[in-house]
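Hello,

Please find the structure below, handed over for your use. Some notes on what was found in it follow.

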Amino acid sequence: MTLTGDLVTFRADWKAPFLRYGVTDALGRPTLDIEIALPAPSMIHDIAITATHSVVLDLNVGYDFSMLTRGHRMPLRWHDERAARLGVIPRHGGDVRWFELAPCFILHVVNAYNEDMTTIVLDAVRYPWFLRLLPDGTAFEGNPVGVLWRYRVNLASGAVYETPAGDSGIELPRINEQRTGRMYRFLYAAEQPTPDEMRGIVRYDWHSGTFERYAIPPGDQNGEPVFVPRRRAKTEDDGWLLCCVYRHATDTSDVIVLDARDVAAGPVAIVHLPTRIPAGFHGTWLASDG
Ligand SMILES: [Fe+2]
């Protein structure tokens with residue numbers, strides 16, 4: 001959802017042309033629904049927008065239906081031979097321009113924006129490989145952790161510059177959504193000390209290039225930190241983070257509230273929930289008077 005109220009969507013399909021891109025306006029009217037032809041079906045989980053363009057991803061994880069007859073539950077795997085590409089399309093339709101990247105996989109984008117007239121920035125959590133089968137094809141290698149990554153796409157020259165931001169394993173990145181598609185400074189994410197744990201909440205500042213963190217106790221697991229702006233906030237990070245935390249020792253869940261400007265200080269409030277919420281996925285918030 002954008003400042004204009006547009007809802008920007010994609011639909012990845014197993015059948016050619018494998019991808020659709022669409023826009024629905026603030027009144028709920030579909031204003032665009034176009035096909036984007038890909039060479040093969042692709043695992044696509046997220047999309048990014050800038051003020052003028054949308055960014056679609058076609059990376060190294062794709063479908064392989066032969067896996068279903070070899071005992072795998074999901075027909076998805078890493079493909080060395082696929083080209084990792086980022087596609088830039090004008091928000092309201094037009095030709096997609098593709099830009100080749102180093103091999104990678106991305107589940108979640110952080111944000112994107114127009115840096116200037118010719119440069120689009122895409123920030124994402126990037127994996128150097130993902131769902132890669134062992135050589136005998138029977139099982140997957142362990143996944144690595146995902147790392148914060150910045151892609152800078154020069155629309156004039158066609159060049160893409162990519163750089164990591166730190167080496168911390170993170171996932172489920174969120175921002176102040178009032179900054180979606182615009183230049184922004186702060187992001188928040190769940191920390192992954194190992195690929196199998198989601199334990200800790202980080203805040204990253206692009207200006208200082210530093211992470212601040214709140215550590216969740218060992219054994220506990222947390223989900224996505226959702227940013228809630230303070231009413232009449234004057235700065236981008238003036239607000240709170242809401243995050244579900246699963247407490248291993250008691251098999252219960254809490255929602256913790258952090259000051260987004262000072263995550264290292266720990267919770268300013270803890271809400272004990274009457275039922276357990278398994279650790280994991282996304283979250284959202286709604287104003288009580290909304
Ligand atoms: Fe997701």
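A term first: strands here are DSSP runs of E with at least two residues, numbered from the N terminus. In that numbering, aspartate 251 sits in the loop that links strand S19 (239-247) to strand S20 (252-259). Please keep in mind that the model is predicted.

Aspartate 251 has a phi near 55 degrees, a positive value in a residue that is not glycine. Most residues other than glycine have a negative phi, and most peptide bonds are trans. Aspartate 251 has 8 other C-beta atoms within 10 Å and counts as exposed, because the limit for that class is 12 or fewer.

Phenylalanine 18 also has a positive phi, near 80 degrees, without being a glycine. This residue belongs to strand S2. Is phenylalanine 18 buried or exposed? Phenylalanine 18 is buried, because 21 C-beta neighbours lie inside 10 Å and the class begins at 20.

Proline 17 is in the loop between S1 and S2. The peptide bond between alanine 16 and proline 17 is cis, with omega at about 5 degrees.

Next, the sheet that contains these strands. Three strands, in the order S1-S2-S3, make up an open sheet with antiparallel pairing. Strand S1 (7-12) and strand S3 (30-37) are at the edges with a single partner strand each, so each has one side without a neighbour in the sheet. From one strand to the next, the twist averages 15 degrees. S1 pairs with strand S2 (residues 18-24) in the antiparallel sense, over 6 bridges. Opposite leucine 7 is threonine 24, in S2.

On the interior: the largest nonpolar core has 67 residues, and Ile106, Ala112, Leu122, Ile201 and Leu241 have the most contacts inside it. Domain 1 (1-171) and domain 2 (185-290) each supply at least three residues to this core. Isoleucine 106 is in contact with Asp46, Leu57, Leu59, Ala124, Val125 and Arg126, leaving aside neighbours within four places in sequence.

Finally, proline 225 is in the loop between strand S17 (221-222) and strand S18 (226-229). Proline 225 is buried, with 28 other C-beta atoms within 10 Å. Residues up to four places away in sequence not counted, proline 225 touches Arg174, Tyr188, Ala189, Ala190, Ile201, Leu241 and Cys243. Between the C-alpha atoms of proline 225 and leucine 241 there are 5.5 Å, while the two residues are 16 apart along the chain.

Regards

Conventions
Residues numbered from 1 in each chain as written. Predicted model: local features only at pLDDT ≥ 70, side-chain atom pairs only at ≥ 80, totals over all residues. Pairing = 2+ DSSP bridges. Helix = DSSP H or I, 4+ residues; strand = E, 2+ residues; numbered from the N terminus. Axes fitted to C-alpha atoms, helices over the stretch in contact; angles between N-to-C directions. Core = buried A, V, L, I, M, F, W, Y, C linked by C-beta atoms within 7 Å. Domains from an automatic or database assignment. Contact = placed C-beta atoms within 7 Å.
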